[in-house]
Amino acid sequence: MVSLQQGALQIFCGALGTLGFALFFFVRPKHLLLATLGGALSWLIYLLVLHGGGGVFLAALVSSMAVCFWSEALARVRKAPALIFLLPGIVPQLPGGALYYSMSALIQEDMDTFFQKGKEAGLVALGIGVGILIASEIVRLLMWSNRHRKRRLSRKTRRHPRRTDQN
């Protein structure tokens, strides 16, 4: 179990790594703070789900959904592409450590560790992908229904204009 101090340090380091990737992706300075907060939020949710009893797949799925919703909301508020918040926000979840240990075990011919770490890396990557997919589709459906509702309302007002007495 991770202590509160260790968790706070991990979240800070996740935010710092997110800032580095945001700079690498040339995120504009006016969006850097929010992109960095997205990475901290992502890792916070990942840790909460992981230590709440969920596995690495569920933790990656929930946290990537959260950062995707965060990115879509910020995209509308800041009038910027969602990807400039999404890509840096996903960085703390990337299974770099699991991939490294998996490849190291393969070179050392430790097949048990290779398969264990490879499975972990695959589950995290799958969780990230599925989480982004689900959240993006939910946002798309909400946007579509909102646009469809507005279109229906505008049709109704055109068909039945208000009548005014001119007597």
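**Notebook: helix packing and salt bridges**

I recorded that α2 and α3 are roughly antiparallel to each other, because the angle between them is over 145 degrees. The model I consulted is predicted.

**Entry 1: α2 against α3**

I looked up the crossing angle and obtained roughly 155°, with the two axes of α2 and α3 coming within 8 Å. I then noted the hand: α2 passes α3 in a right-handed crossing. On the α2 side, I listed as contact residues Lys30, His31, Leu34, Leu37, Gly38, Leu41, Ser42, Ile45, Tyr46, Val49 and Leu50. On the α3 side, the contact is made by Val56, Leu58, Ala59, Ala60, Val62, Ser63, Ala66, Val67, Trp70, Leu74 and Arg78. Sorting this contact of α2 with α3 by class, I found 16 nonpolar, four polar and two charged residues.

**Entry 2: α1 against α2**

I turned next to helix α1 (residues 4-24) and helix α2 (residues 29-51). Their axes come within 8 Å and cross at roughly 140°. I entered α1 and α2 as oblique to each other, since their angle falls in none of the parallel, antiparallel or perpendicular ranges. The crossing of α1 and α2 is right-handed. From α1, the residues I noted in the contact are Gly7, Gln10, Ile11, Ala15, Thr18, Leu19, Ala22 and Leu23. From α2, they are Leu32, Ala35, Thr36, Gly39, Ala40, Trp43, Leu44 and Leu47. By class, I recorded 11 nonpolar and five polar residues in the contact of α1 with α2, and no charged residues.

**Entry 3: salt bridges**

How many salt bridges does a search of the whole structure find? I recorded three.

I examined Arg76 and Glu72, whose side chains meet in a salt bridge at 2.7 Å, N to O. Both Arg76 and Glu72 lie in helix α3 (residues 56-78), four residues apart, which is about one turn of the helix. I checked the exposure of each partner. Arg76 counts as partly exposed at 41% relative accessibility, whereas Glu72 counts as buried at 17%, under the 20% limit.

I then took up Lys117 and Glu120, which form a salt bridge with their closest N and O atoms 3.7 Å apart. Lys117 and Glu120 are three residues apart in helix α6 (residues 111-159) and so are separated by about one helical turn. I noted Lys117 as partly exposed, at 23% relative accessibility. Glu120 is likewise entered as partly exposed, at 28%.

For Arg140 and Glu137, I found a salt bridge in which the closest N and O atoms are 2.9 Å apart. Arg140 and Glu137 are also in helix α6, three residues apart, and therefore about one helical turn separates them. Arg140 is partly exposed, with a relative accessible area of 46%. Glu137 is partly exposed as well, with a relative accessible area of 32%.

**Entry 4: Ser102**

Is Ser102 buried or exposed? I noted a relative accessible area of 2%, so Ser102 is buried. I placed Ser102 in helix α5 (residues 96-107). Leaving out residues up to four places away in sequence, I listed Phe114, Lys117 and Gly118 as the residues that Ser102 touches. I cross-referenced one of these, Lys117, to Entry 3, where Lys117 forms a salt bridge with Glu120.

Conventions. Residues are numbered from 1 along each chain as its sequence is written. This is a predicted model: local features need pLDDT of at least 70, side-chain atom pairs count only at pLDDT 80 or more; totals for chains, interfaces and linings use all residues. Side-chain values use heavy atoms; hydrogens and water are left out. Axes are lines fitted to C-alpha atoms, for helices over the stretch in contact, and angles run from 0 to 180 degrees between N-to-C directions. Helices (H or I, at least four residues) and strands (E, at least two) are DSSP runs, numbered from the N terminus. Angles under 35 degrees count as roughly parallel, over 145 as roughly antiparallel, 65 to 115 as roughly perpendicular and the rest as oblique. A crossing is left-handed if the near helix is turned anticlockwise from the far one by less than a right angle, and right-handed if clockwise. Contact means heavy atoms within 4.5 Å. Ala, Val, Leu, Ile, Met, Phe, Trp, Tyr, Cys and Pro count as nonpolar, Asp, Glu, Lys and Arg as charged, and the others, Gly among them, as polar. Buried means under 20% relative accessible area, exposed over 50%, partly exposed in between (1.4 Å probe, protein chains only). A salt bridge is a side-chain nitrogen of Lys or Arg within 4 Å of a carboxyl oxygen of Asp or Glu.
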